[in-house]
Amino acid sequence: MSLVRKFATVGGATLGSRIFGFARETFMAAALGTGPMADVFYAAFRFPNLFRRLFAEGAFNAAFVPLFSKEIEANGVEGAKRFSEEVFGVLFSALMIITIVMELMMPWLVEWFIAPGFADDPQKTSITIRLAAVMFPYLMCMSLTAMLSGMLNSLHHFFAAAIAPVFLNVVMIGALFYGLWIHADPLTIAWYLSWSVLAAGLLQLAVVYAGVRHAGINIGFRRPKMTPNVKRLLVLAVPAAVTGGITQINQIIGQAIASGKEGAIAALQYADRIYQLPLGVVGVAVGVVLLPELARALKGGHLKEAANTQNRSIEFVLFLTLPAAAGLWILSEAIIRVLYERGAFSAENTSVVASVLAIYGIGLPGFVLIKALQPGFYAREDTRTPMRFTMLSVVINSGLAISLFPLIAERGIATAEAAAGWTNTVLLFSTLVWRGHLAWEWALAKRTALLLVSTGIMSAALIFALRYAGSWLTPDALLIHQVAALACLLVLAITVYFACAFLIGGADIGMIRRNVQRKPKT
């Protein structure tokens, strides 16, 4: 399967998950708006989500995949199975201990780290503690799911791992729908959502386990033992866990600061859900596919192929995220109004969330480029360098968020996250070039400039068209008119951008065709 087709497989499954995620947030906005229960639920859910990124996705995509791929190359599937069982035993035991300790410490963690701004409201603090306690075992399910997903990706079985997140959104939508149907109060709906998160974690674990069995590997449980392979995994995984959770680290810092203003946490979450669509579809697809591709190419000594694969991934990211960033900036208010403005979600909420989304749009290409650049380090079993850059970006994010929140509230937190993301991107890119791991191509630089020109032309067309579509996008307009106007603007943007990109040479149809048809070297 070619590189672009692999991107399409993972990206398509992720797109499905994000679409269901939009539906979930639409129900959430109607049920809870940006009220106190929305703040409470998102604050409680952010904590297990943070640990999921730190101990699951970041660590295992960065550390487990290269080692698992090496075992396949050196000792075949049987050796890889033995290695995965060793890791499974240690991981399961460690997660059980972490879960028990965190459950016991939950009151202290909520009061000091998750939502210190709730200190003046004992009821909000108490509910947040109880909801977080229900949802925290989700970490255990998702960490094991991430390990099994890494196995599937290394075996070039991408779909099951990519489709698993859909089930979280489906189960949560079911809980929200039931709550709205019986006219439950916001607190009851928050409880339904918390239990649905735990149920979804168990379901996702079952899906990827079935995928691994289908791929021909049956994992058994081994007594936890620190074998040389497991020790090597831990050496790589600890810094990778920090690095992989950069977005969540920055967001939980922002959440702690935002908890000082009612509605701020929910506003950041609603905007985050929108920009997660291109970030997930493009960034996750590139990160998931690129790491095993680079690891195998480097292990086989195909250095030229590895460099070409990395550059084509950067090109793919820029081709899709530059217009998405401009579109989010220009159409932010229209997007938020169409998706969320109903029920408990007011026109005032739309204005606040749209301003946050516009700023997130500026950071979007940087966030996605991180996903395309980090595998260049991880495939070479270097997880420390990205960790150092991550820590620096966290310092920048914290300093800016604390400084800007008193001045521009939620927008200050979004600005801090975007600045931290771009700082991380620049450091990763320059280090890869300096080390000679990323081949500098003037052709890539030229195409990037032409893609920026195409994005500028598309932006001008959108701004001009908004003069005529504006009356259909006002709060008083019918929803069907708002949807139709937004759809027309999106079609216009896509048409203008793609036409310009291909006409002036920012993208080349021959290059895309060759990448679609290209087979990896053996």
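## A tour of salt bridges and a helix

Start at Arg-435: this residue is partly exposed, with a relative accessible area of 34%. Keep in mind that the model you have open is predicted.

Now add Asp-382 to the selection. Its side chain and that of Arg-435 meet in a salt bridge, 2.8 Å from N to O. The two sit 53 residues apart, so this pair links distant parts of the chain: Asp-382 lies in the loop between α13 (375–378) and α14 (384–408), and Arg-435 in helix α15. Asp-382 counts as buried because its relative accessibility is 16%, under the 20% cut-off.

Next, select all of α15, residues 410–435. How far apart are its end C-alpha atoms? They are 38 Å apart, which agrees with the span expected for 26 residues at 1.5 Å a residue. Step just past the helix to Gly-436, which takes a positive phi of about 80°.

Move to Lys-81 and Glu-85. Their side chains form a salt bridge, at 2.7 Å from N to O. Both belong to helix α2 (residues 36–114); they are four residues apart, so about one helical turn separates them. Is each one buried or partly exposed? Lys-81 is partly exposed at 22% relative accessible area, while Glu-85 is buried at 6%.

Last stop: Arg-447 and Glu-315. Their closest N and O atoms are 2.5 Å apart, in another salt bridge. This pair also links distant parts of the chain, with Arg-447 in helix α16 (residues 442–469) and Glu-315 in helix α11 (residues 303–340), 132 residues apart. Both residues are buried.

The structure holds four salt bridges, including those on this tour.

Conventions
Residues numbered from 1 in each chain as written. Predicted model: local features only at pLDDT ≥ 70, side-chain atom pairs only at ≥ 80, totals over all residues. Heavy atoms only, no water. Expected span 1.5 Å × (residues − 1). Buried < 20%, exposed > 50% of the residue type's maximum accessible area, 1.4 Å probe, protein only.
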